[in-house]
Amino acid sequence: MTRTIHIALDINGQRHELDLEPRVTLLDALREHLSLTGTKKGCDQGQCGACTCHVDGKRVLSCLTLAAQVEGRAITTIEGIAGDGGDLHPVQAAFIEQDAFQCGYCTPGQIMSAVACIREGHAGSDAEIREYMSGNLCRCGAYNSIVAAVRQAGEVA
Ligand code: FES
Ligand code: FES
């Protein structure tokens, strides 16, 4: 018999109670159990950044984080960063203005990393943005536009 544990997750300000196997990752809890599919699964082994979320305001790779590890912490996903009235977050708006995506698969992770990158004070130059966004891969190669979007959003933050 498969053992499950009961956990409560605080996601985008809402409490969610779940019965999960202890080995379930935050990424699978979001996508498979809560239908929060904005967070993407790319490599599922910590190499691409597509699954980036925030825990207590800091970026984490949700494919390498167990759901049980983040019980009681404030989890933010791409679904939770727009304003209460539905206004786009400045980073989301900048990605649209700079045309910073092609297929869009990496984009939620890029945006979550960019929000943290700016908040960490690491958007001071294109070189710094490239370094601190280097954990987020884009197989479409939209890097120049992504850097431009982070720079634009960083200037207004
Ligand atoms: Fe998590 Fe690739 S899916 S780093
Ligand atoms: Fe396609 Fe980045 S826009 S992977």
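User: What is the hand of the crossing of H2 and H3?

Analyst: In this predicted model, the crossing of H2 and H3 is right-handed. That name applies because the near helix is turned clockwise from the far one.

User: How is the packing of H2 and H3 described, and at what angle do they pack?

Analyst: Two packed helices are described by the angle between their axes and the distance between the axes. For helix H2 (residues 90–97) and helix H3 (residues 107–119), the angle is about 125° and the axes are 9 Å apart. An angle over 145 degrees would count as roughly antiparallel, and 65 to 115 as roughly perpendicular. About 125° falls in neither range, so H2 is oblique to H3.

User: Which residues of H2 and H3 meet?

Analyst: From H2 come Val91, Gln92 and Phe95, and they meet Thr107, Ile111, Ala114 and Val115 in H3. By type, this contact of H2 with H3 has five nonpolar residues, two polar and no charged.

User: What makes E2 and E4 edge strands?

Analyst: The open sheet has five strands in the order E2-E1-E5-E3-E4, and its pairing is mixed. Strand E2 (14–20) and E4 each have a single partner strand, so each is left with one side that has no neighbour in the sheet. From one strand to the next, the twist averages 40°.

User: How many bridges join E3 to E4?

Analyst: There are four bridges between E3 and E4. Two strands pair if at least two bridges are found, so four bridges suffice. E3 and E4 run antiparallel, and Val55 stands opposite Lys58 in E4.

User: Which helices pack on the sheet, and at what angles?

Analyst: Helix H1 (residues 26–33) touches strand E1 (5–11), E2 and E3, and its direction makes about 100° with that of E2. This lies in the range 65 to 115, so H1 counts as roughly perpendicular to E2. H3 also packs on the sheet, touching E3 and E4, with its direction at about 40° to that of E3. Since 40° is not under 35 and is below 65, H3 counts as oblique to E3.

User: Where are the two domains, and what is in their contact?

Analyst: The domain assignment gives domain 1 (5–80) and domain 2 (90–156). Their centres, taken over C-alpha atoms, are separated by 21 Å. Domain 1 gives 13 residues to the contact and domain 2 gives eleven. On the side of domain 1 that touches domain 2, strand E3 (52–55) and strand E4 (58–61) give two or more residues. E3 gives the most, with three residues. That side divides into five nonpolar residues, five polar and three charged.

Definitions and conventions. Residues numbered from 1 in each chain as written. Chains lettered and ligands numbered in written order. Predicted model: local features only at pLDDT ≥ 70, side-chain atom pairs only at ≥ 80, totals over all residues. Axes fitted to C-alpha atoms, helices over the stretch in contact; angles between N-to-C directions. Contact = placed C-beta atoms within 7 Å. Nonpolar A, V, L, I, M, F, W, Y, C, P; charged D, E, K, R; others polar. Domains from an automatic or database assignment.
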